[in-house]
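When reading a protein structure for the first time, it helps to begin with individual side chains and to ask where each one sits and what lies around it. The report below follows that path.

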Amino acid sequence: MNKPLMAKATAVWLVDNTTLSFKQVADFCGMHELEVQGIADGDVAPGVKGFDPVANNQLDAGEIEKGQKDPLYKLKLKFNAAAVGEEKRRGPRYTPLSKRQDRPAAILWLVKFHPELSDGAIGKLVGTTKPTIQAIRERTHWNINNISPVDPVALGLCKQSELDTAVQAAVRRRTSEGVVMSDDERRKLVSTEQSLGMSDEPKMPSGLEVFARQEKEEKPADFSDAESFFNLPQHDDDEDEDDEDPRR
């Protein structure tokens with residue numbers, strides 16, 4: 001943890017009870033300096049009760065004394081052994097009650113459009129359990145007939161970056177397993193941002209395009225000679241007329 005609990009209330013207490021600079025309070029509480037100034041002016045956090053970081057074992061009194069003597073000194077958050085690893089807690093993502101009813105729709109969307117994702121990956125994205133995912137995969141969910149697939153990002157159940165990371169991990173896993181993917185599957189494994197940033201690749205020419213290209217590459221016919229253009233017979237008509245008997 002890089003900031004104290006109840007950071008805004010802690011900032012209120014420090015502003016009211018110390019002579020620390022706004023920047024020192026802002027750095028310690030993870031806030032902007034102008035926000036701390038707003039607390040001092042009464043424009044920010046009006047009515048918020050101050051939270052004593054010394055009494056709550058988050059800051060040593062000696063740190064406050066050092067900070068008041070030296071405006072450039074940065075307060076150090078007191079080490080709390082009980083908070084170590086708190087942000088790296090393992091387990092399914094917590095989903096608010098208001099959005100839990102949307103999870104089946106998100107699961108169905110992921111199962112339909114990203115079948116390469118494992119049950120574990122889907123569970124981490126939308127905060128659900130493997131039995132629920134399996135029931136939707138096998139269409140044995142009690143409400144399966146009333147569920148429509150909806151993008152979990154649009155529902156706010158996960159971020160686009162988290163979905164892209166999970167999909168890319170699936171790509172690496174399938175590649176390492178030697179699984180051959182179709183073109184349609186490969187398109188699904190590319191994020192929206194990546195697809196928009198990709199340059200146009202030359203498509204495979206069709207038979208007509210190849211034939212047209214060959215026709216253009218061939219040397220054009222020379223029609224400067226009228227006889228070759230009309231494909232006239234190659235003989236001298238004048239000589240034949242001279243040989244004829246004029247009495248005929």
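What follows is a description of charged pairs, a buried charge, an aromatic pair and a few residues in loops and helices, all taken from a predicted model.

**Salt bridges**

How many salt bridges does a search of the whole structure find? The search finds 4 salt bridges, and the table sets out three of them, with the distance from N to O for each pair.

| Positive residue | Negative residue | N to O distance |
|---|---|---|
| Lys23 | Asp27 | 3.5 Å |
| Lys78 | Asp60 | 3.4 Å |
| Arg137 | Asp119 | 2.7 Å |

Lys23 and Asp27 both belong to helix α2, which covers residues 22–29, and because they are 4 residues apart, about one helical turn separates them. Lys23 is partly exposed, with a relative accessible area of 46%, and Asp27 is likewise partly exposed, at 37% relative accessibility.

The salt bridge of Asp60 with Lys78 has its closest N and O atoms 3.4 Å apart. Asp60 is in the loop between α3 (33–41) and α4 (61–69), whereas Lys78 is in the loop between α4 and α5 (97–100), so this pair ties together parts that are 18 residues apart in sequence. Asp60 has a relative accessible area of 38% and is therefore partly exposed, while Lys78 counts as partly exposed at 32%.

In the salt bridge between Arg137 and Asp119, the closest N and O atoms are 2.7 Å apart. Here the partners come from two helices, with Arg137 in α8 (residues 130–137) and Asp119 in α7 (residues 119–126), so the salt bridge ties together parts that are 18 residues apart in sequence. Arg137 is partly exposed, with a relative accessible area of 29%, but Asp119 is buried, with a relative accessible area of 18%.

**A buried charge without a salt bridge**

Glu63, which is found in helix α4, is buried and yet has no salt bridge. Why does Lys66, the nearest side chain of opposite charge, not give Glu63 a salt bridge? Lys66 is 4.1 Å away, and a salt bridge needs a side-chain nitrogen of Lys or Arg within 4 Å of a carboxyl oxygen of Asp or Glu, so the pair does not meet the cut-off. The side chain of Glu63 does, however, take part in a polar contact of 2.8 Å with the side chain of Tyr73. If residues up to four places away in sequence are not counted, Glu63 touches Tyr73, Lys74, Leu75 and Lys76.

**An aromatic pair**

The count of aromatic pairs comes to 1. It is formed by Trp109 and Phe113, whose ring centres are 5.3 Å apart and whose planes stand at 45°, so the pair is classed as tilted. Both residues lie in helix α6 (residues 103–113), where they are 4 residues apart, or about one turn of the helix. Are Trp109 and Phe113 buried or exposed? Trp109 is buried, with a relative accessible area of 15%, whereas Phe113 is partly exposed, with a relative accessible area of 30%.

**Contacts of a helix residue and a loop residue**

Lys130 has its place in helix α8 and is exposed, with a relative accessible area of 54%. Leaving aside its neighbours within four places in sequence, Lys130 is in contact with Asp119 and Gly120. Lys130 and Gly120 are 10 residues apart along the chain, and their C-alpha atoms are separated by 7.0 Å.

Val44 is found in the loop between α3 and α4 and counts as partly exposed at 22% relative accessibility. Not counting residues up to four places away in sequence, Val44 touches Glu35, Gly38 and Ile39. Val44 and Leu34 are 10 residues apart in sequence, and the distance between them from C-alpha to C-alpha is 9.7 Å.

**Positive phi angles**

Which residues other than glycine have a positive phi? Met6, in the segment before α1 (7–17), has a phi near 50°. Asn57, in the loop between α3 and α4, has a positive phi of about 60° although it is not a glycine. Asn57 is also partly exposed, with a relative accessible area of 41%.

Terms used:
Residues numbered from 1 in each chain as written. Predicted model: local features only at pLDDT ≥ 70, side-chain atom pairs only at ≥ 80, totals over all residues. Heavy atoms only, no water. Buried < 20%, exposed > 50% of the residue type's maximum accessible area, 1.4 Å probe, protein only. Lys, Arg positive; Asp, Glu negative; His and termini not counted. Polar contact = N/O pair within 3.5 Å; in protein donor to acceptor, adjacent residues only side chain to side chain. Contact = heavy atoms within 4.5 Å. Phe/Tyr/Trp six-rings, centres within 6.5 Å; stacked < 30°, edge-to-face > 60°.
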